[in-house]
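Trainee: I should like a close examination of a single part of this model, with its surroundings brought in where they bear upon it. Please set out each criterion when it is first used.

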Amino acid sequence: MGYTISAPPHIKSNKSFRSINMAKILALIPLSLVSVYFFGMPALGIILAAVLAAVLTEYGIQMIFKLKVTIKDGHAALIGLMFALLTPPEAPLWIPVIGAFFAIAVGKHA
């Protein structure tokens, strides 16, 4: 009895990883705007700090280990944005920076 090797029965489409991540970021933009409206500039600072830390951490790790730089796919920005939206607005800015760093360095690149 032999095994038959064939293509998996998955639905195939032309969506890329980048387009899926950008759609998720686009879906979180209204929530980000509402959080800035209700909580003011501290919320905007947390969002910017977390996204920037996540993107810079991913870029730094990929440069250190000589990997292909993939920050254009939006995954690090999405992780930073999700982490920022989970952080309370009263938190100091070092908390989202350290959190986004660990989310990328340990969670993604471990």
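Mentor: The account below starts with the basis of the description, turns to the second helix and its partners, and ends with the overall dimensions.

The model is predicted, so that local features need pLDDT of at least 70, side-chain atom pairs count only at pLDDT 80 or more, and totals for chains, interfaces and linings use all residues. Residues are numbered from 1 along each chain as its sequence is written, and side-chain values use heavy atoms, with hydrogens and water left out.

The protein has four helices and zero strands, and its elements follow one another as α-α-α-α from the N terminus. Helices (H or I, at least four residues) and strands (E, at least two) are DSSP runs, numbered from the N terminus.

The part chosen is α2, which covers residues 41-64. At 1.5 Å a residue, its 24 residues should span 34 Å, and the end C-alpha atoms are indeed 34 Å apart, which agrees. The expected span here is 1.5 Å times one less than the number of residues. Buried positions in α2 are Ala43, Ile46, Ile47, Ala49, Ala50, Ala53, Ala54, Thr57, Glu58, Ile61 and Gln62; buried means under 20% relative accessible area, exposed over 50%, and partly exposed in between (1.4 Å probe, protein chains only). The cover over these residues includes α1, α3 and α4.

The pairing with α3 (residues 75-86) can be described in detail. Two packed helices are described by the angle between their axes and the distance between the axes. For α2 and α3, the axes come within 8 Å and cross at roughly 145 degrees. Axes are lines fitted to C-alpha atoms, for helices over the stretch in contact, and angles run from 0 to 180 degrees between N-to-C directions. The crossing is right-handed; a crossing is left-handed if the near helix is turned anticlockwise from the far one by less than a right angle, and right-handed if clockwise. On the α2 side the contact (heavy atoms within 4.5 Å) is made by Ile46, Ile47, Ala50, Val51, Ala54, Val55 and Glu58, and on the α3 side by Ala76, Ala77, Gly80, Leu81, Ala84 and Leu85. These residues divide into eleven nonpolar, one polar and one charged, where Ala, Val, Leu, Ile, Met, Phe, Trp, Tyr, Cys and Pro count as nonpolar, Asp, Glu, Lys and Arg as charged, and the others, Gly among them, as polar.

Seen from the partner, α3 has twelve residues, which should span 16 Å at 1.5 Å a residue; its end C-alpha atoms lie 17 Å apart, which agrees. Its buried residues are Ala76, Ala77, Leu78, Ile79, Gly80, Leu81 and Ala84, and what covers them includes α1, α2 and α4.

The loop between α2 and α3 contains Lys66. Just after α2, this residue takes a positive phi of about 55 degrees, in a residue other than glycine. Lys66 counts as exposed because its relative accessible area is 73%.

Before α2 lies α1 (residues 17-39), which holds Phe38 and Val36. Val36 is partly exposed because its relative accessible area is 23%. Apart from neighbours within four places in sequence, Val36 is in contact with Ala43, Leu44 and Ile47, and its C-alpha atom is separated by 9.9 Å from that of Ile46, ten residues apart along the chain. Phe38 counts as exposed because its relative accessibility is 60%; the C-alpha atoms of Phe38 and Pro89, 51 residues apart along the chain, are separated by 9.9 Å.

The remaining helix, α4 (94-108), has 15 residues and reaches 20 Å between its first and last C-alpha atoms, close to the 21 Å expected. Its buried residues, Pro96, Gly99, Ala100, Ile104 and Ala105, pack against α2 and α3. Ile98 is also found in α4 and counts as partly exposed because its relative accessibility is 40%. Its C-alpha atom is separated by 8.4 Å from that of Ala50, 48 residues apart along the chain.

For the whole protein, residues 24 or more positions apart account for 73% of the contacts with a separation of 6 or more. Buried residues make up 29% of the 110 residues. The C-alpha atoms fill a box of roughly 65 × 35 × 25 Å, taken along the principal axes. The radius of gyration is 18 Å, whereas a compact globule of 110 residues would have one near 13 Å; the radius is taken over C-alpha atoms, and the globule rule is 2.2 Å times the number of residues to the power 0.38.
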